[in-house]
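Trainee: Could you take me through how one reads the contact between two chains in a model such as this?
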2 protein chains.
Amino acid sequence: MSFFTRNILNTQPILEIDLNRLLENYQKLAQIIAPATPSAVVKDDAYGLDAAVVAKALYEGAGCRHFWVAHAVEGAKIAPLVPEAQIFVLQGIGADSVDLFKQYHLTPVISSPEMLAFWKKHTLPNVKPVVHIDSGLNRLGFRAADLEKLSKADLKMFAMVISHLACADEKAHFMNHYQLEQFNLLRQKYFKGLPASLSASDGAFLGVDFCCDMVRLGAAMYGINTAPYRPNQMQNVITVKAPVLQVTDLAKGQFVGYSATYRAATARRIAIVSIGYGDGMPRSLSNVGKIFFRKDDKWQEARIIGRVSMDNIICDVTDIEKVQVGDWGYCVFDGYTLDDVARDAGTISYELLSRLGKNTRFARKYLLK
Amino acid sequence: MSFFTRNILNTQPILEIDLNRLLENYQKLAQIIAPATPSAVVKDDAYGLDAAVVAKALYEGAGCRHFWVAHAVEGAKIAPLVPEAQIFVLQGIGADSVDLFKQYHLTPVISSPEMLAFWKKHTLPNVKPVVHIDSGLNRLGFRAADLEKLSKADLKMFAMVISHLACADEKAHFMNHYQLEQFNLLRQKYFKGLPASLSASDGAFLGVDFCCDMVRLGAAMYGINTAPYRPNQMQNVITVKAPVLQVTDLAKGQFVGYSATYRAATARRIAIVSIGYGDGMPRSLSNVGKIFFRKDDKWQEARIIGRVSMDNIICDVTDIEKVQVGDWGYCVFDGYTLDDVARDAGTISYELLSRLGKNTRFARKYLLK
């Protein structure tokens, strides 16, 4: 059949991760925050991209020596790959993780009086923990009243003091300066002279005051625009594409997909693309999101119609030149980034990225010079 | 400190999968659809629960001998564990998967003229494929016009004919009988006498006409109510719980979480629970979802406040007796099932389940007698 002259029939979606760009993003961020020390956030399995691969690339290719994970199991995964680096565990230490801390020489972030009590019973030799104080996010961290109750010896046991911003992606939000003031006030009172870290990669763009001694670079390194009040300075890292399995006609009046949420008001031509929410494409893209097709150097946009299902997405290719079986439908790429897809899906790119990479059906390709 | 007398400080969330209940659901469904043959849908890595574990349990514990996956890579994963079973691959066969089909003796589901052409060039010895026809979902499958063009030899090469319903979770939806009629019409015309499968587990409840020769049991087996017009007949299979890392006070007027989307109108007491969207808890539960705490045999409900973040969820425990660090917050359990969480998150339980189990930070526990 003629299509074989141009196209190969494939069935599996592809996730491509450009580690060169990820490293360039990291290095650009490191320049922006200088003289603060850069560090890499590889929690949530490096936002789903595989923390082992990402941490190793940052360690070997960008000289990164400080990593942040959420859980000790995540630290254990990367520790053998970054032997001279320090690994901070944000959710801290508990009975279920103390052995991993010992085995992999992880550094706990202590965020509550109860965790401090636990730490004092399970102190690890040669490890000075980090203390997490709350400056207004009202999530994890010591409150001022908690700090007041600590002994002088308690206050002296830490290697670094950190906090976390609530609204750093909105440059003009009043919370930013409020939190900076709170943080500096508590530092002065309880942790004078101790190295400090306040900002993640959204805070990196708020100016030198917010950078303190170390910045925790995460989302921006992965290509997300963490300063959405101006164009993205980062490069897109992710490409998701999936093959067209079928192209067919839809007669006027026909319905498409589960619960028949799309009805053809006129005759349409549709393509069925081999990817779905089982691959991390949010179901909230139903009847809203887009799939792109490349013809030579031109990108053509096809609207998703009907419900996104577990394994397939249907899109309207009526106005697109000659889409055929075996063509690649692009779901995330330089022209329709994580930020764009997340906007269409009604969520944030952090959540989208965290979902995508964990799926086992992708053929995964890492680009690294 | 006193809390140690009752509670142990932990940091890692736990995902518990009750395989006994999963097998009981499967067996109950098998009775409902009898005399049709039951088969198990373990695509999307068994909706994230690990297809290797689930398929093995069904094979050894419930005598299941027919499995459906979406992609050949998924078939390859379970094949060694279910040696005498037949594994159907719904997305079919292509250049990227033909070797896996050979190696693991998988059965392709052929859904388009192009795929049939590919199959005829790459036929596997001793494998008769399944043909997928569209009966109104307008997703994958041969249309009537495609079937018209097939030769008699083409039509004779298949072992089974399948289709898929669009609205089977709405018993009274006109599409159900429309699709049944279309399916039977095309079967009569092109595939007379060939074994047939129309329904997934939502169709199983539509009556004997919809069950044909084989039913593809998926969502209901995992405990989802696929017939939401009446109470669930299935048992919940999933428990998700996470430890409280911190309990603290919130003064009147304080904000909580990213973008400060919650403001305390009165003084509150809050708990920070060690789970987030990085573990598959949808961010759309922000300010909407619930976390439950067990005191003796009583369940107490805490509203999620502020944004769900990657690693943490904050909930309001003002009215709950003595919640303390180390208590378990229940996110999914018998009293607040996948269906309940998905409703609060504005999605379906299929998508929720597909997300949850793929995350690597859970301590996973499988219950199996």
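Mentor: We will go from the symmetry of the two copies to the surface through which they meet, keeping in mind that this is a predicted model.

Trainee: By what turn and what shift can chain A be laid on chain B?

Mentor: One superposes the copies and reads off the rotation and the shift along its axis. Here a turn of 180° with a shift of 0.0 Å along the axis lays chain A on chain B with an RMSD of 0.0 Å, and the two copies are thus related as by a two-fold rotation axis. Of the residues of chain A, A:Lys358 comes closest to that axis, its C-alpha lying at 3.2 Å.

Trainee: Why can one say that the copies meet through the same surface?

Mentor: One asks which interface residues of one chain are interface residues in the other as well, and for chain A the figure is 100%, so the copies meet through the same surface. Each side is counted separately, with 83 residues from chain A and 83 residues from chain B taking part in the contact, while the area buried between the chains is about 6800 Å², 54% of it given by carbon and sulfur atoms.

Trainee: Which polar features cross the interface, and which elements supply the side of chain A that touches chain B?

Mentor: There are 40 residue pairs in polar contact, both partners being at pLDDT 80 or more, and the count of salt bridges is 6; B:Arg361 and A:Glu74 form a salt bridge through their side chains, at 3.6 Å from N to O. Among the elements of chain A that each supply at least two residues are helix H4 (72-78), helix H9 (174-190) and strand E10 (238-250), whereas H6(A) gives the most, with 6 residues. By class, this side of chain A has 39 nonpolar, 27 polar and 17 charged residues.

How values were computed
Residues are numbered from 1 along each chain as its sequence is written. Chains are lettered from A and ligands numbered from 1 in the order in which they are written. This is a predicted model: local features need pLDDT of at least 70, side-chain atom pairs count only at pLDDT 80 or more; totals for chains, interfaces and linings use all residues. Side-chain values use heavy atoms; hydrogens and water are left out. Copies are superposed by least squares on the C-alpha atoms of residues with pLDDT of at least 70 in both. Contact means heavy atoms within 4.5 Å. Buried area is the accessible area (1.4 Å probe) that two parts lose on being put together, summed over both. A salt bridge is a side-chain nitrogen of Lys or Arg within 4 Å of a carboxyl oxygen of Asp or Glu. A polar contact is a pair of N or O atoms within 3.5 Å; within protein, one must be able to donate a hydrogen and the other to accept it, and residues adjacent in sequence count only if both atoms are side-chain atoms. Helices (H or I, at least four residues) and strands (E, at least two) are DSSP runs, numbered from the N terminus. Ala, Val, Leu, Ile, Met, Phe, Trp, Tyr, Cys and Pro count as nonpolar, Asp, Glu, Lys and Arg as charged, and the others, Gly among them, as polar.
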